[in-house]
Each structure stands twice: as structure tokens, then as C-alpha cells.
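Work through the exercises below with the model open. Each task is followed by a solution in steps.

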Amino acid sequence: MQHLNPLSKDIPRARLEIERMNPYSAPLEGRRNLLRLDFNENTIGPSPKVIEAIRNITSKEIAIYPEYRGLKEAFAASLNSSLHSNSLTFNHIGIFNGVDAAIHSIFYAYGDRGKTFLTTKPTFGYYNPCANMQGMKITEIPYEGRSFRFPLQQISLALQNLNPKILIICNPNNPTGTNLDAKRIIQLAHESPQTLIVIDELYEAFLGDSILPIVNFDNTPNLVVLRSLSKTSGLAGLRIGFAIGNPEVIDRITRVTGPYDINSFAVTAAFAAIDDQVYIDKYVAEVLKARLWVKKEMSKEKIEHHLDSGNYFLLWPKQSPTAIEDHLKKSGILVRNMKNKYSIDGSLRVSIGTTDQMKLFFKMYKNAVKSLH
Ligand SMILES: Cc1ncc(COP(=O)(O)O)c(C=O)c1O
């Protein structure tokens, strides 16, 4: 349905797709000084080496345009080291102003007007606005049942029947934690060489199943993998994300960005973060420990919940989720209300931080429930 802002009568009209689209909206304001369990960010901040590196940036470094090849090489080397391989080079890596910017560029480069964008639902909310900007048709396949199984057969059928231009699989999925086996993804990619299949691996470190160990981008050029330093490394505020894929595809995706879209602070911080893998591993291990505690606590307290892969879980309060959310906010804790989200309306998504943070969350959650009785 055409939706145009009536107040905009006398101002220049944007493209029809832009006038009609629902922009991505997230409650981003006023989050300082609260326990942030609402955006799945790292909850303790980056490695001290990142802070030191930023403090050491010289005025000359600020005055000069940033350069990127060294960071691409460093990221490729760190992936190769975790994969025990040397298959990735700097040409396989695209650097973006956060994975959000990578997603935007992928749609800009590959999303023809009128062609299909295929994805799942519920999933990360920024894919659809990007498809809408391009005037694409959107087909969303629901996760299956109360355990939110991946709809493999339906996706496979849709790939054959709709010949989509782009498929995005968030793996593990935000917010259901659904994790699709990497071998199945490779199979889908080989069956549908016309479709660009984007695997958003933002939460892969938290019990996901990365395709990087088994993908060969030479014979699977239609696969692109997304990784970010926002969730594990604590650089959400600096905005740095990566696309990994066949060099020719990465070249197309980066053709649509500006030449200096990622600033020197982000580049410097990313070098230091990648270099301190021990810090990242320790944070991930801490979150995985906290997950176990959360799981036990929810079973003990008989709280209706869903916890799969990822550093987040869903819980369904018996009371109004909005009232619980408001109460938690007053106690200094932010969570994300899944209101109006397909099949999970009525739930709250809670990010997993350290065990101490989760203990505080549950204490405040129980207080909220009691006060609403
Ligand atoms: C699945 C998913 N993809 C991408 C992003 C964006 O990440 P970045 O901070 O790198 O832009 C998010 C952020 O919440 C996300 O959950």
C-alpha cells in the first residue's frame, strides 16, 4: 500500500521506494549508564589494548585519510589462524562502517528492483528496510514450531521457485538463536548459483556453526559471510564490520561505498582488537559460562523461555512484557521488547553478559514480577 507522509506535500519527494518504506527503528537513545541487555553488545567494553591504541593516535593520523589494506590483511590472517589454513587473502575481505553498512551495500550492489529478497522470520530487522529501499519483493519464511527450527525445506523450495536475487540467513539467528548446519548452507549455495547467499555470522562465536572452515569461495562465489567487532570485541560505538567472500563479489559490494567510509579510529581500534584474541576468547568464555547459569536459573524458576545459540535468549513473562520492561528500566536494566515481532510477540529478548550481570538481571526481574502481582 502506498504510504506517503501528508506533511511532506511541499518538500521535494524522495524516490517512491523511500517515501513508502518503514525505516529501521530501534530504541537507541538514553542508554548510557544502564546495564545494556537490549542490543546483544559486549557488556564490559573492549580490550584495554584498544583504548591504549586509540589514545596513541597522533594528530598526523587524524589529518590523513585512512588506509585499509593492512587491516584487511590482519583480519584475513586472524581468520586463517583460527581456520588453520592460509586460504584467505586481503582480497577476500571487505571492510564496512559496521555490518549494517555491509548489508546496505550488498542490497545496493545486488538488489535489483522487482526481484525477490528471500529471508526467514522473525530475524534481524535491518534486512527488510534495505530490500525496500531497492524496491525488491520480500519473501519471509517462518521458523518452525515452538523450538524455531530452520525451515530448510521451505527455503530450498523458495530458492528453486522464486529464483531470488539475495537470500540472507542470520546464523545463529537473532532473535531465535536458530543455528543452521554449515554443510546445509553450502548445499543451498551450490543448488542456487544465481542467488547471492549472505550468512550473517554476527553471533557465531557464541555456539554458532561457521561456514568459513568448509567454504571455498572459488567454487562457491555466491556465498558471502558477515562478521563484526560489535558483539564480541566491544567496538559497537566505533562501527566496524567485515564481509568475507569471493574477491570479485567483494569488489562489487565495495564499489557502492564511499572511498573513506570507515574512519581511522575504527581502523586503529580494529587492529588492536584483532591482535588481542585472548581478550575476545575470555569474554566469549565468560558469556558461555553465564549462559549455563541462566539456563539453570530459568528451569529452576520455571520461567517460559527459549535459549539456543547466540548471546541472548527470549523469555515470556506471565505479566505484561511492557510493564516488566519499564520496571527493569527503572532498576537500571535495558531489555528488548519483541512486541509485534512475528511469532514471538509477548516475549522479551535479553542479552547475556557476565554471570554477575545475569544474577543482577534475575534479581531485578523477580522484583518486577512481584511488584506487578
Ligand atoms: C544479526 C545482526 N546483523 C548485523 C547487526 C549490525 O551489526 P554492526 O554493529 O556490525 O553494524 C546486528 C546488530 O544488532 C545484528 O544483530
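Two strands count as paired if DSSP finds at least two bridges between them. Helices (H or I, at least four residues) and strands (E, at least two) are DSSP runs, numbered from the N terminus. The model is a predicted one: local features need pLDDT of at least 70, side-chain atom pairs count only at pLDDT 80 or more, and totals for chains, interfaces and linings use all residues. Residue numbers start from 1 along each chain as its sequence is written.

**Exercise 1. The open sheet**

Task: Give the strand order of the open sheet of 4 strands, and find its edge strands.

Solution.
- Step 1. The order is β9-β10-β13-β12, and the pairing is antiparallel.
- Step 2. β9 (305–306) and β12 each pair on one side only, which makes them the edge strands.
- Step 3. Between β9 and β10 there are 2 bridges, and His306 has Leu314 of β10 as its bridge partner.
- Step 4. The hairpin of β9 and β10 has 5 residues between the strands; there Gly310 has a positive phi near 95°.
- Step 5. β10 and β13 are joined antiparallel by 4 bridges, with Phe313 opposite Val350 in β13.
- Step 6. β13 and β12 are joined antiparallel by 2 bridges, and Asn337 faces Leu348 in β13.

**Exercise 2. The side chains of β10**

Task: Which residues point one way from β10, and which the other way?

Solution.
- Step 1. Call a residue buried if 20 or more other C-beta atoms lie within 10 Å of its own, exposed if 12 or fewer, and partly exposed in between, with C-beta atoms placed from the backbone.
- Step 2. Tyr312 and Leu314 point one way, and Phe313 and Leu315 the other.
- Step 3. All of these residues are buried.

**Exercise 3. Helix α12**

Task: Determine which residues of α12 (residues 321–330) are buried, and on what side they lie.

Solution.
- Step 1. Ile324, Glu325, His327 and Leu328 are buried.
- Step 2. They cover an arc of only 165° around the axis (taken from the directions from the helix axis to the C-beta atoms), so they lie on the same side of α12.
- Step 3. In general, an α-helix has 3.6 residues a turn, so residues three or four places apart point the same way.
- Step 4. Thr322 and Lys330 are exposed, on the face turned away from the buried side.
- Step 5. The packing partners of the buried residues are β11 (333–334), β12 (336–337), β13 (348–351) and α13 (355–371).
- Step 6. Gly332, which follows α12, has a positive phi near 90°.

**Exercise 4. Helix α5 and the core**

Task: Check the span of α5 (residues 99–110), then place the helix in the largest nonpolar core.

Solution.
- Step 1. The expected span is 1.5 Å times one less than the number of residues.
- Step 2. For the 12 residues of α5 this comes to 16 Å, and the end C-alpha atoms are 16 Å apart, which agrees.
- Step 3. Of the 12 residues, 9 are buried; among them are Val99, Ile103, Ile106 and Tyr110.
- Step 4. A nonpolar core is a set of buried Ala, Val, Leu, Ile, Met, Phe, Trp, Tyr and Cys residues joined through C-beta atoms within 7 Å.
- Step 5. The largest core has 98 residues, and those touching the most other members include Ile106, Ile166 and Val198.
- Step 6. α5 gives the most to this core, with 7 residues.
- Step 7. Two residues are in contact if their C-beta atoms, placed from the backbone, lie within 7 Å. Apart from neighbours within four places in sequence, Ile106 is in contact with Ile166, Val198, Val224 and Ile253.

**Exercise 5. The two domains**

Task: What are the bounds of domain 1 and domain 2, and how many residues does each bring to the contact?

Solution.
- Step 1. Bounds come from an automatic or database domain assignment, which gives domain 1 (29–45 + 278–371) and domain 2 (48–275).
- Step 2. Their centres, taken over C-alpha atoms, are 25 Å apart.
- Step 3. Domain 1 brings 24 residues to the contact and domain 2 brings 22 residues.
- Step 4. On the side of domain 1 that touches domain 2, α11 (277–300) and β10 (312–315) each supply at least two residues. The largest share, 5 residues, is that of α11.

**Exercise 6. Backbone exceptions**

Task: Where are the cis peptide bonds that precede Pro172 and Pro175?

Solution.
- Step 1. Asn171 to Pro172 is cis, with omega near 0°.
- Step 2. Asn174 to Pro175 is cis too, with omega about 20°.
- Step 3. Pro172 is in the loop between β5 (166–170) and α8 (182–191), and Pro175 also lies in the loop between β5 and α8.
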